Each structure stands twice: as structure tokens, then as C-alpha cells.
Amino acid sequence: MKEKAERGTRTGFSTGACSAAAARAAVLGLATGRVPEEIESLLANGSRVNFAIHDGRCDAHSAHAMVVKFAGDDPDCTDGAHLTVDLRLLPGQAGVVTYVAGDGVGTVTMPGLGLEVGGPAINPVPRRNIADNLLEAAPELLAEHGIEVTISVPDGQVMAKKTTNARLGILGGISILGTTGIVKPYSTAAWRASVVQGVQVAATAGHNMVALTTGGRTETFAMTTLREERPELPAACFVQMGDFLRYALDEVVAQGIGLVVMAVMVGKLTKIAQGETITHANRSEVDTDLVARIARQIGASEEDCVAIAAAETARFGAELMVERGLGDAFHHALAQAAIDTLTAPDRYGRNFRLRVLVCDFTGQKVADVWSAPALPQERPASAGRTGIDHIVDVDPEPEPE
């Protein structure tokens with residue numbers, strides 16, 4: 001007997017995979033006059049999975065089917081969503097497949113996502129996967145006619161409030177997503193992809209800048225600080241990069257963005273200064289020897305520097321320096337060390353100008369340091385590219401420091 005997957009490790013299926021399965025069942029209804037109650041569907045990664053089909057019905061010109069999404073153990077706001085597909089025959093338009101956003105599926109209102117502005121928020125891989133299933137299930141039908149695919153998700157507007165969609169200009173519902181069809185629990189790949197896509201959208205906002213933050217507190221701090229200077233900055237210019245600084249900055253260079261504002265607290269700032277660009281706690285430890293060197297550099301006592309080096313966190317050193325009246329100098333020097341690391345010739349050089357905003361745990365600004373201006377760069381050939389196919393549907397992790 002097949003063992004059940006341990007809770008916490010169960011994989012699920014993307015909204016794109018569920019939509020493709022519903023579309024496959026519906027097109028079989030058009031082709032045969034009956035929508036099946038279960039079908040084997042082709043996933044985007046080439047594997048095949050059985051899906052239960054609900055609410056199947058059809059006539060000579062249209063068909064309807066629904067799949068209930070199972071997200072496995074991923075904390076996905078679309079778990080249990082009813083991915084609903086309505087097909088309409090397009091007589092004589094052989095092989096044509098068009099897509100419509102039904103109720104609960106978002107509409108694209110901003111460029112930068114690789115999707116037509118004004119069109120449905122159905123990403124490219126799910127579109128291909130749906131089309132592949134239609135063609136595979138009903139080749140004779142598609143040889144003569146086209147199909148209009150309308151995807152709906154009841155309560156999709158409510159689900160969308162828990163995603164980054166509105167910031168990316170996707171309004172009115174969720175996106176139909178998925179690069180493989182499989183959803184893995186707590187997928188870092190999904191969050192990493194959403195960071196890259198956020199930078200791509202920021203590049204189209206017309207301000208030649210992006211503010212990268214590590215979580216909710218630093219984003220609130222960045223928005224408050226920057227909008228005091230530039231009230232016109234839209235939310236699209238602010239990207240919660242979490243721990244994925246490397247992927248964010250690589251995309252900044254690819255998009256030719258001229259100014260990066262990085263809003264951080266002392267723990268992540270120390271990791272960046274020590275050369276880490278993936279700053280998750282499981283990937284790297286804070287170098288408290290570096291914190292001690294910074295303290296020594298600004299005139300801290302040797303006794304304090306020894307205590308800082310022996311501490312477990314950078315926060316200890318920062319708070320001790322504040323207590324000694326050296327907080328401003330300490331945070332400025334640490335921010336400058338992070339800038340020196342990131343703008344080194346073997347890192348990002350002067351491809352962009354970097355501004356580091358540092359806040360304490362109450363959200364108050366403790367440092368604001370700028371790099372030298374960027375050198376003139378030719379806009380990279382890759383600028384404007386949009387290859388990411390997933391916007392994560394979970395909130396970022398809080399900021400452990």
C-alpha cells in the first residue's frame with residue numbers, strides 16, 4: 001500500500017494546473033457531448049495527474065467544468081479555490097485559443113509582467129499548458145475550430161488581497177500561475193520569482209528607482225521616508241525582497257534601473273556588509289567580529305568591542321553603541337561597509353547608485369548613506385525582459401534580527 005506523505009511535506013497543484021485540468025474536461029464535453037467526472041491532465045512539467053471534475057455540463061457550443069485546488073502543505077491563500085473554466089466554440093477559427101478573465105481572475109493594468117495590458121492575468125506557462133491539453137484531448141475539434149477559455153474563481157477578489165497582485169497592477173482577482181504545475185510547501189523558488197517580477201514591474205513605473213526592503217517593518221519605514229521626499233512614488237517602486245538581495249540586484253542590472261534604495265535593520269545589514277546576498281538565517285550567520293571592527297573603527301572601547309565580538313547577534317552591538325552615544329556613527333559606518341561590499345568591482349560596481357536606509361526596531365531612521373553616483377551604462381540587452389511566471393501568494397516572513 002502506498003504510504004501517505006507526511007503532513008508538512010505534501011505537494012499540491014498550481015492554479016494553472018487546475019485550470020488546465022478543468023479546460024481539458026470541458027473540451028472533452030464539446031468533443032464528445034459529456035464532461036467526464038475525472039480526467040488525467042498534462043502538467044506543465046510534462047507529468048500527468050488525475051483530477052476530479054465538478055459541475056461538468058456542455059452543449060453543442062459551450063462547456064463548463066471546475067476543479068477544486070489542493071495546495072498541499074503550502075500556506076497558499078488559493079487552497080480550496082474553485083478553478084472554473086467555461087469554453088466557447090469559435091467556429092471556423094482553426095487552432096485559435098483565446099483567454100478571458102472571468103469573475104475573480106485579475107486584469108493586467110501595468111506593463112512589466114509579459115502580459116498584455118488590459119488582458120487577463122493568466123501567465124504564459126499556464127496558457128501554454130491549457131492549450132496543450134485542449135489540443136491533446138480534442139485534436140479533431142481544434143483542427144476545425146477555435147476555443148475561447150474563460151477562467152473564473154469565486155471569491156478571487158478576496159483571495160487577491162492576500163497577494164502582491166495590486167502592487168503589480170493586477171486588479172480584480174488572483175492570477176493564474178505556475179511554472180511546473182506543482183506547488184511545493186513554503187517554496188523559496190516562488191518567493192524568489194516574485195522578487196524578480198517585482199523589480200521588473202518597478203522598472204516600468206517611470207521613476208528609474210526601486211526600494212528593496214526585507215519585510216513589512218522596513219517597507220513601512222521606506223515608504224514613509226521616501227514619500228516625504230517624493231510623494232508621487234507608487235507602491236510598484238517598493239519590493240519586499242526578503243532574503244533574496246542577489247536576485248533583486250541582478251534584475252536591477254538587467255533592467256537598467258539607476259537608483260536602488262535598500263531599507264534594512266542591523267542584522268541583515270551586517271550580513272550584507274560581510275558579503276552575503278542570500279541573508280536567510282539558515283544560510284549564513286552574523287559575523288559579530290565585523291560588528292566589533294566597525295565599533296572599534298568609530299572609537300568604541302576595547303572592552304565593548306570584545307563583548308560585541310562574543311555576542312550572538314548584531315543587535316547587541318548596535319544597542320550597546322547607542323547606549324554609549326555612538327549609535328549614529330556606528331550605523332553610518334556599517335551602512336558604508338555594506339555599500340563598499342556591494343559596489344566592489346567584483347560585485348555590482350557602479351552599475352547603479354545605492355542608498356542605504358537603516359531603521360531601528362521602532363522604525364526610526366538611524367542612518368542614510370549614499371554610494372558614489374552610477375557610471376553611465378548602456379541599457380542591457382536583457383532590460384525589459386519578463387521571464388518570471390509566478391507571483392507568490394503568501395505574505396513574506398517577518399524580519400528576524
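User: In this predicted model, the backbone oxygen of which residue lies 3.1 Å from a polar atom of the side chain of Thr84?
Analyst: Thr84 is found in strand β6, residues 82–90. A polar atom of the Thr84 side chain lies 3.1 Å from a backbone oxygen, and the residue that supplies this oxygen is His82.

User: Is Thr84 buried or exposed?
Analyst: Leaving out residues up to four places away in sequence, Thr84 touches His64, Ala65, Met66, Thr150, Ile151, Ser152 and Pro154. The relative accessible area of Thr84 is 10%. Buried means under 20%, so Thr84 is buried.

User: What distance separates the C-alpha atoms of Thr84 and Ile151?
Analyst: Ile151 is among the residues that Thr84 touches. Along the chain the two are 67 residues apart, yet their C-alpha atoms are separated by 5.6 Å.

User: In what order do the five strands of the open sheet lie?
Analyst: The pairing in this sheet is mixed. Its edge strands are β4 (54–58) and β7 (97–101), each of which pairs on one side only. The twist from one strand to the next averages 20°. The order is β4-β5-β6-β10-β7.

User: Which residue in β6 is the bridge partner of His64?
Analyst: Strand β5 (residues 62–68) runs antiparallel to β6, and seven bridges join the two. For His64, the bridge partner in β6 is Asp86.

User: What angle does the direction of α1 make with that of β6?
Analyst: Helix α1 packs on the sheet and touches β4, β5, β6 and β10 (146–152). Another helix, α2 (residues 124–137), lies across β6, β7 and β10 and runs at about 130° to β7. Between α1 and β6 the angle is about 40°.

User: What is the relative accessible area of Thr15?
Analyst: Thr15 lies in helix α1, residues 15–32. Apart from neighbours within four places in sequence, Thr15 is in contact with Lys69, Thr78, Leu83, Ile174, Ser175, Ile176 and Leu177. Thr15 is buried, and its relative accessible area is 3%.

User: Which residues form the covered face of strand β3?
Analyst: In a regular strand the side chains alternate between the two faces of the sheet. In β3 (residues 48–52), Arg48, Asn50 and Ala52 make up the uncovered face. The covered face consists of Val49 and Phe51.

User: Which residue in the turn between β2 and β3 has a positive phi?
Analyst: Strands β2 (residues 38–42) and β3 run antiparallel and are joined by five bridges, with Val49 as the bridge partner of Ser41. The two strands form a hairpin with five residues between them. The phi in question is about 95°, and the residue is Gly46.

User: Which helix gives the largest share of the largest nonpolar core?
Analyst: That core has 49 residues, and Leu212, Met262 and Val356 have the most contacts inside it. The largest share, eight residues, comes from helix α12.

User: How many residues are in the other core that lies apart from it?
Analyst: Ala20, Val49, Val85 and Val153 are among the members of this other core. The number of residues is 43.

User: Which strands do the buried residues of α6 pack against?
Analyst: Helix α6 (residues 216–229) has 14 residues and reaches 20 Å from its first C-alpha to its last, close to the 20 Å expected. Its buried residues are Thr218, Glu219, Phe221, Ala222, Met223, Thr225 and Leu226. They pack against β14, β15, β16, β17 and β18.

Technical notes:
Residues numbered from 1 in each chain as written. Predicted model: local features only at pLDDT ≥ 70, side-chain atom pairs only at ≥ 80, totals over all residues. Heavy atoms only, no water. Core = buried A, V, L, I, M, F, W, Y, C linked by side-chain atoms within 4.5 Å. Buried < 20%, exposed > 50% of the residue type's maximum accessible area, 1.4 Å probe, protein only. Helix = DSSP H or I, 4+ residues; strand = E, 2+ residues; numbered from the N terminus. Contact = heavy atoms within 4.5 Å. Polar contact = N/O pair within 3.5 Å; in protein donor to acceptor, adjacent residues only side chain to side chain. Pairing = 2+ DSSP bridges. Expected span 1.5 Å × (residues − 1). Axes fitted to C-alpha atoms, helices over the stretch in contact; angles between N-to-C directions.
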